[in-house]
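Work through the following exercises with the sequence and the model open. Each task is followed by a solution in steps.

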Amino acid sequence: MKVRVGKWLRIVASSPAGRAARRAFPSAGTSPDPPNWAGAARTAYRFGCVYAGLYCLTTPQVYLAMRGGGMGRLQEAADAWAKLWAIRPVRNWMSVRVLGTELGDRFDGGDDPHTWAGQLCWLAGAAAATPVWSVLDRHRTDYATLDKWFRLAARFCLAGQMFSYGAAKAVPLQFQLPPSKLVEPLGDLSPMSLLWAQTGSSKPYQMLLGCAEIAGGLLLIVPRTASLGALLSAAEMAQVLLLNMTFDVPVKVHSFQLLLLSLLLLAPQTPRLAEAMLTERPLPAAAPADLFRSRRANRVATALQAGAGLWLLGAQLRNDWTFWKNHGGGREKPELYGVWDVTDFSVDGEQHPPVTTDGLRWRRVVVDSVDAVAIQHMDDSLDPCMAAIDMNARSVALTKMADPKWQVTFAFERPADDRLILEGDADGYHLRLHLRRRDLGTFPLVSHGFHWMQENSSLR
């Protein structure tokens, strides 16, 4: 009797037992049928998908990073994007009804009422959209395919932020320690200023922090290492959120959202990670995350993701480097750079001795950069000023940042490299100042450096 092997195999494969075997042991190149999601899981996924999508779509920091970051024209585009999604009447209504305050001016990355009202709006929008989506899509049993594409978008939104904040530290642009911070009393610093000064005092530390954040972003852009990137990003964002909370840095909302995004990407791997750390059983294989059924198509997709991620990082590093060279710590220091102690101070020809109760006398003039000068009074308070230093005309024009109407131009003489004489009219008086430049090496924060071996503690 002739045996029809092919027909017999088709009959076995089409039986219930055969279908169960295919699910348990899928053939090469195929994926097991996705399990049905519980109703609560589908509802939670819809809510999270809408809320995360709204946040990433409407946040100017995310938009700017996805365009390669930078200042100038791109920053203006990000501001325009923020205005597009401002929906100010709705936010103002939410702010008045829930927060009990009218909206003021918005500032980037801030935890102001504008930002908090926006979070409430997106939460309300997600809560309203979820039941509608649930009704329209009530017959769907899972979102395995949508989840792959959603996670791809979430990975790049998070990677863009890791590149943005990492590049600003690796370049070292974010944290600075200008000379004016060296003479400002510690007690006068805000917690955020103290954090900025502490991190800015060590460029290697700041740059290593930036490299760690960049590493998280690089791991995120490659599908095979995305889970490790999400784990590293979650650890870094947890630290950033802790610093923002404890030093009152007004980026708490955004850092919290980035931590949530990291945990969202890491969530499918949580059971595997817990089993690996808490038991001695072999680690189960991860579920396939391929976007397509074709191996070739997946290779192309992986190459495109890596290329797009490297472009984002390269653009961010290039923009930050250019800004650092032209406007940050990398630009050339002015000839008058440094801390200048006032040795003689006369008002309308009358000498004022260095008495701490004298409200007219200045204690120091600190030149932070070619366009930033700080005036330190006898009570050690600082008046930051915008400056225009003209070495050819021998003049210094100052405008107080706290009072733009206060403007004065001093003529200066320079009898020696470390001597300066300023003369001009300010506050209705004619001022003449003799100044001596202080060696920045006399500040331990600048001169101490690193030592492998120490005779005693440097704590002081």
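A residue is called exposed when its relative accessible area is over 50%, buried when that area is under 20%, and partly exposed in between. The model is predicted.

**Exercise 1. Positive phi angles**

Task: Classify Asp-348 as buried or exposed, and state where Asp-348 is placed.

Solution.
- Step 1. Asp-348 sits in the loop between β1 and β2 (350–351).
- Step 2. Its phi is near 50 degrees, which is positive although Asp-348 is not a glycine.
- Step 3. The relative accessibility of Asp-348 is 52%, so this residue counts as exposed.

Task: Do the same for Ile-87: which loop holds Ile-87?

Solution.
- Step 1. Ile-87 belongs to the loop between α5 (73–84) and α6 (88–99).
- Step 2. Phi of Ile-87 is near 35 degrees, again a positive value in a non-glycine residue.
- Step 3. With a relative accessible area of 34%, Ile-87 is partly exposed.

**Exercise 2. Two residues in regular elements**

Task: Locate Gly-160 and decide whether Gly-160 is buried or exposed.

Solution.
- Step 1. Gly-160 is part of helix α8, which covers residues 144–170.
- Step 2. The C-alpha atom of Gly-160 is 24 Å from that of Ala-144, a residue 16 places away along the chain.
- Step 3. The relative accessibility is 2%, and Gly-160 therefore counts as buried.

Task: Which residues does His-377 contact, its neighbours within four places in sequence left aside?

Solution.
- Step 1. His-377 lies in strand β4, residues 372–377.
- Step 2. Its contacts, with those neighbours set aside, are Arg-361, Trp-362, Arg-363 and Asp-383.
- Step 3. His-377 has 16% relative accessibility, so His-377 is classed as buried.

**Exercise 3. The domain interface**

Task: Describe the interface of domain 1 and domain 2 by its area and its polar pairs.

Solution.
- Step 1. Set the bounds: domain 1 covers 39–327 and domain 2 covers 338–440.
- Step 2. The C-alpha centres of domain 1 and domain 2 are 43 Å apart.
- Step 3. Count the residues in contact: 8 in domain 1 and 10 in domain 2.
- Step 4. The size of an interface is often expressed as the accessible area lost when the parts come together.
- Step 5. Between domain 1 and domain 2 this buried area is about 680 Å², and carbon and sulfur atoms give 72% of it.
- Step 6. On the side of domain 1, Pro-179, Ser-180 and Val-183 lose the most area to domain 2, together 67% of what that side buries.
- Step 7. The residues of domain 1 that touch domain 2 comprise 5 nonpolar, 1 polar and 2 charged.
- Step 8. Across the interface of domain 1 and domain 2 there are 0 salt bridges, while 2 residue pairs are in polar contact.

**Exercise 4. Salt bridges**

Task: How many salt bridges does the whole structure hold? Examine three of them in terms of distance and accessibility.

Solution.
- Step 1. Side chains of opposite charge can pair when their charged atoms come close.
- Step 2. The search of the whole structure gives 15 salt bridges.
- Step 3. One of the pairs is Lys-181 with Glu-184, whose closest N and O atoms are 3.3 Å apart. Lys-181 is partly exposed at 27% relative accessibility, whereas Glu-184 is buried at 18%.
- Step 4. Another pair is Asp-371 with Arg-331, at 2.9 Å from N to O. This pair links distant parts of the chain, 40 residues apart: Asp-371 is in the loop between β3 (362–369) and β4, and Arg-331 is in the loop between α15 (295–327) and β1 (338–347). Asp-371 is partly exposed, with a relative accessible area of 35%, but Arg-331, at 18% relative accessibility, is buried.
- Step 5. Asp-418 and Arg-419 also form a salt bridge, with an N to O distance of 2.9 Å. Asp-418 is partly exposed at 30% relative accessibility, and Arg-419 is partly exposed at 29%.

Task: Which residues are joined into one network by salt bridges that share partners?

Solution.
- Step 1. Look for salt bridges with shared partners; these join Glu-335, Arg-414, Asp-417 and Arg-437 into one network.

Notes. Residues are numbered from 1 along each chain as its sequence is written. This is a predicted model: local features need pLDDT of at least 70, side-chain atom pairs count only at pLDDT 80 or more; totals for chains, interfaces and linings use all residues. Side-chain values use heavy atoms; hydrogens and water are left out. Helices (H or I, at least four residues) and strands (E, at least two) are DSSP runs, numbered from the N terminus. Buried means under 20% relative accessible area, exposed over 50%, partly exposed in between (1.4 Å probe, protein chains only). Contact means heavy atoms within 4.5 Å. Domain bounds come from an automatic or database domain assignment. Buried area is the accessible area (1.4 Å probe) that two parts lose on being put together, summed over both. A salt bridge is a side-chain nitrogen of Lys or Arg within 4 Å of a carboxyl oxygen of Asp or Glu. A polar contact is a pair of N or O atoms within 3.5 Å; within protein, one must be able to donate a hydrogen and the other to accept it, and residues adjacent in sequence count only if both atoms are side-chain atoms. Ala, Val, Leu, Ile, Met, Phe, Trp, Tyr, Cys and Pro count as nonpolar, Asp, Glu, Lys and Arg as charged, and the others, Gly among them, as polar.
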